Amino acid sequence: MSDIQTQIENRPPSVAALFLERVAKTPDAEAFRYPVPSASGQGPDTWRSLSWGQAADRVYAMAAGLVDLGVRPEERVALASATRVEWILCDLAVMCAGAATTTVYPQTNADEASFILADSESRVLLAEDAAQLAKAREHRADLPQLHHVVVLDPSAAEPAEGDPEGWVLTLDDLERRGKAYLEKHPGAVKDRVSAITADQLATLIYTSGTTGRPKGVRLPHDNWSYMAKAIAGTGLLLPDDVQYLWLPLAHVFGKVLISGQIEVGHVTAVDGRIDKIIENLPVVQPTYMAAVPRIFEKVYNGVAAKARAGGPAKYKIFQWSAGVAREYAKVTQDSFRRTGKATAPFGLTAKHKIADALVYSKLREAFGGRLRAAISGSVALAPEIGYFFSGAGIHILEGYGLTESSAASFVNPGEAYRTGTVGKPLPGCEVRIAEDGEILLRGPGIMEGYHGLPDKTAEVLEPDGWFHTGDIGELSPDGYLRITDRKKDLFKTSGGKYIAPTEIEGSFKAVCPFVSNLVVLGADRNFCTALIALDEPALQGWASEHGLAGKTYAELVATQQVKDLVQGYVDRLNEGLQRWQTVKKFRLLPRDLDVEHGELTPSLKLKRPVVEREYKDLIEEMYEGAREA
């Protein structure tokens, strides 16, 4: 048995236990960095640090505070907040109290938040601010089991008429209660941690359903303990790493990164403000970060738009450099696969060196200049965009997992990564491909089941532990997985041809630097069409160069010039597709798809049924009079 397998086999029952081990090992080492905005709100943020010991002091106080509020093992404590250092401390406190965290996205509306709080039977809500508190207040009559709301922002914790006495507290109040409790019961938190069993519920994450109510995924403590050891076992993370964490921690992808950090002991800089990413990267100078493909697409579109704005010569240099990057990445990755060394012919290497001085080095500086690797997940990254970044020296390691598998099941293995695949299984994870192409997973990361939904659990989880992911994929002879589509997203045209829409959508994102989101349609129709939303900053930059400055996004997409621009890219896309895959017609959407309108999940996954309902008239218009075409 290898060292990695031994560590996984002998893992502690919980991440709470791992946290106590980490604090004991490196109490004075830096654990977290977090921004504090300037008093005026105008100047740059000041970044502060917490050591593991300082973090533990706060975590133990919060955990003891929850115990003092009467929270018992496995009872749920909901956490509704954007990504910030307090989210991590609160989650660790819930686990150290032996309770279970119910994660709630801050964007969740009051009705759905109420459903999650009621379905999970959460006793306490840790609410970020007045907006999250208001959602609980609006539905308080429907939440008799919700005994307390603890508000992270002290200025937002004003009691309101009708609040039961003591119903609203601040996070400071909770910590004060906890410290007082620990004076009387100094071993209370460590006793709770030592009593945790591997099968005890740690986290309840509600998946963003495309239809109907979300389902609560039950993840026991053992899932996170396994993930911590398995992630460390990949060798991708090092103790001196600095991670930049902005992903939503209510999502399993963001949360699993904390398990890995606790095991490895590196620094994490935490700031969930997406509009601050570009500003933060040169300040934080991360050595690794995780992101969803949309972030890399926006960076690529932004670089292309900036080059275009610099005039025809600069744009030509960018296009040439992008082509060199892709060619270099494909050649060196293939070389590494065959020989174990990343090499390229002399001529290509010379071109790459020139392009590096002109373009790539500036791009790497924009990411902080120290980025060793970026992990991409949640949805597929268009391979051509992946090859561009790879050739530019920004190594994007795609991974794969689901909420039901505790986020990380596959990841690309460091230098041996292959763009267009999600890499190899994590240590301890088993995979097989079913006859219909569906990916099945088994291992210590798989959920216990859906909360209160045994029938739904039985639909995806076999008695022998195999989990049906709903994704279609292919395994290479040496174990690399390529995801081809979601099983439920595959559709058949009226001519009997199967279409994988995400594959076409990914290809278009690589071809068109103006696209933000698109949806390929054609189920039971005789040809494919698309709804396309454009990237507003990139489009506005193009508009200012073509006599259309001053027009709104909606006005621009209604012009013939913009329709012709996009048609050119659709024609390029179609050149690389089979006849039955080609997009015969498209419509430009009057606004981008977003989370607020329910068209994207908080992790930016497309909700196809919602989009199709919203734009039903545009879809019917494309097929009108063309039923037999």
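Select Cys 512 to start: its relative accessibility is 0%, so this residue counts as buried. The model on screen is a predicted one.

**Cysteines**

Keep Cys 512 selected and look for a sulfur partner. How many disulfides does the structure hold? The count is 0. Cys 512 takes part in no disulfide, and the nearest cysteine sulfur, at 18 Å, belongs to Cys 528. A disulfide would need the two sulfur atoms within 2.5 Å.

Now select Cys 528. Seen from this side, the nearest cysteine sulfur is that of Cys 512, 18 Å away, and Cys 528 is likewise in no disulfide. Is Cys 528 buried or exposed? Its relative accessibility is 0%, so Cys 528 counts as buried.

**Backbone: two positive phi values**

Most residues other than glycine have a negative phi. The next two stops have a positive one.

Select residues 515-521 and 528-534, which are strands S24 and S25, then the loop between them; Asp 524 lies in that loop. Phi of Asp 524 is near 60 degrees, a positive value in a residue that is not glycine. With a relative accessible area of 65%, Asp 524 is exposed.

Move on to strand S14 (396-400) and strand S15 (410-411). Which residue should be picked in the loop between them? Pick Ala 407, which is placed there. Its phi is near 85 degrees, again positive in a residue other than glycine. Ala 407 counts as buried because its relative accessibility is 11%, and the cut-off for buried is under 20%.

To end the tour, show both loop residues together: Asp 524 is exposed, whereas Ala 407 is buried.

Methods
Residues are numbered from 1 along each chain as its sequence is written. This is a predicted model: local features need pLDDT of at least 70, side-chain atom pairs count only at pLDDT 80 or more; totals for chains, interfaces and linings use all residues. Side-chain values use heavy atoms; hydrogens and water are left out. Buried means under 20% relative accessible area, exposed over 50%, partly exposed in between (1.4 Å probe, protein chains only). Helices (H or I, at least four residues) and strands (E, at least two) are DSSP runs, numbered from the N terminus.
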